Amino acid sequence: MNQGHNSDFDPRHLYRDTQNKSFAGVCAGIAKHFGFAVGPTRFVTLVAIMMTLPLGLFLYIGAAILLKPMPNESFKNRQEEVFWQEIRRSPKATFSNVRFRLRQIDKSLQRLERYVTSSRFATDRGFRDLEAEDRASRTST
């Protein structure tokens, strides 16, 4: 079983962050979801609520009621959390980065396959075997 990872959690959904909340966790949840800083997000939300006073306040309260609280330990690790924040910020750049990494891995595998299937691999392996036999004969005498 996957410990430390909540199976009900979907990183594509927006949640209230009740661990870093000031009021209901709506701003903290939005900031965490999109990878923004919490302070400026709260400031922009406060200004927006004040400019559209009855409507903005109702929207905030509605978000506080409708958004589910973020489960504890939602991501497996920090790297997974950063990956999903990058996907939300710039999916094209994130997938471009993933494609680049996969190409690098493919190139490494191709080099490894070329070496393993070459005659040099067999020669190197023969020398290693001879060295191992030599060490074994020295320790037994």
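**Close-up views of a predicted helical chain**

Val47 counts as partly exposed because its relative accessible area is 33%, which falls between the 20% limit for buried and the 50% limit for exposed. The model shown in these views is predicted.

**View 1. Val47 sits in helix 2.** Helix 2 covers residues 38-51. Val47 is partly exposed, at 33% relative accessible area. How far apart in space are Val47 and Ile87? From C-alpha to C-alpha the distance is 28 Å, and 40 residues separate Val47 and Ile87 in sequence.

**View 2. The whole protein chain contains helices and no strands.** The protein chain has 6 helices and 0 strands. Read from the N terminus, the order of elements is α-α-α-α-α-α. The C-alpha trace spans about 90 × 35 × 25 Å along its principal axes. The radius of gyration of the protein chain is 27 Å, whereas a compact globule of 141 residues would have one near 14 Å. Of the 141 residues, 22% count as buried.

**View 3. Seven residues form the largest nonpolar core.** Which residues belong to the largest nonpolar core? They are Ala24, Val26, Cys27, Ile49, Tyr60, Ala64 and Leu67. At least two residues of this core come from helix 1 (26-34), and at least two come from helix 3 (53-66). As background, nonpolar side chains in soluble globular proteins tend to be buried together.

**View 4. Tyr60 touches several residues that are distant in sequence by more than four places.** Leaving out residues up to four places away in sequence, Tyr60 touches Phe23, Ala24, Gly25, Val26, Cys27, Thr45 and Ile49. Tyr60 is also one of the residues of the largest nonpolar core, as are Ala24, Val26, Cys27 and Ile49.

**View 5. Ile61 belongs to helix 3.** Is Ile61 buried or partly exposed? Its relative accessibility is 36%, so Ile61 counts as partly exposed. Ala24 lies 37 residues from Ile61 along the chain, and the C-alpha atoms of Ile61 and Ala24 are separated by 8.6 Å.

**View 6. Gln104 belongs to helix 5.** Helix 5 covers residues 91-116. Gln104 has a relative accessible area of 37% and is therefore partly exposed. Gln104 and Leu67 are 37 residues apart along the chain, with 40 Å between their C-alpha atoms. Leu67 is one of the residues of the largest nonpolar core.

**View 7. Val116 also has its place in helix 5.** Val116 is partly exposed because its relative accessibility is 40%. The C-alpha atoms of Val116 and Gly35 lie 44 Å apart, and Val116 and Gly35 are 81 residues apart in sequence.

**View 8. The surface and the charged side chains of the protein chain.** The protein chain exposes about 11000 Å², and 60% of this area is supplied by carbon and sulfur atoms. There are 22 positive and 14 negative side chains in the protein chain. How far apart are the centres of the two sets? They lie 9 Å apart. Among contacts between residues at least 6 apart in sequence, 53% join residues at least 24 apart.

Conventions:
Residues numbered from 1 in each chain as written. Predicted model: local features only at pLDDT ≥ 70, side-chain atom pairs only at ≥ 80, totals over all residues. Heavy atoms only, no water. Helix = DSSP H or I, 4+ residues; strand = E, 2+ residues; numbered from the N terminus. Rg over C-alpha atoms; globule rule 2.2 N^0.38 Å. Buried < 20%, exposed > 50% of the residue type's maximum accessible area, 1.4 Å probe, protein only. Contact = heavy atoms within 4.5 Å. Areas by Shrake-Rupley, 256 points an atom, 1.4 Å probe, with all protein chains shown as cover. Lys, Arg positive; Asp, Glu negative; His and termini not counted. Charge placed at Lys NZ, Arg CZ, Asp CG, Glu CD. Core = buried A, V, L, I, M, F, W, Y, C linked by side-chain atoms within 4.5 Å.
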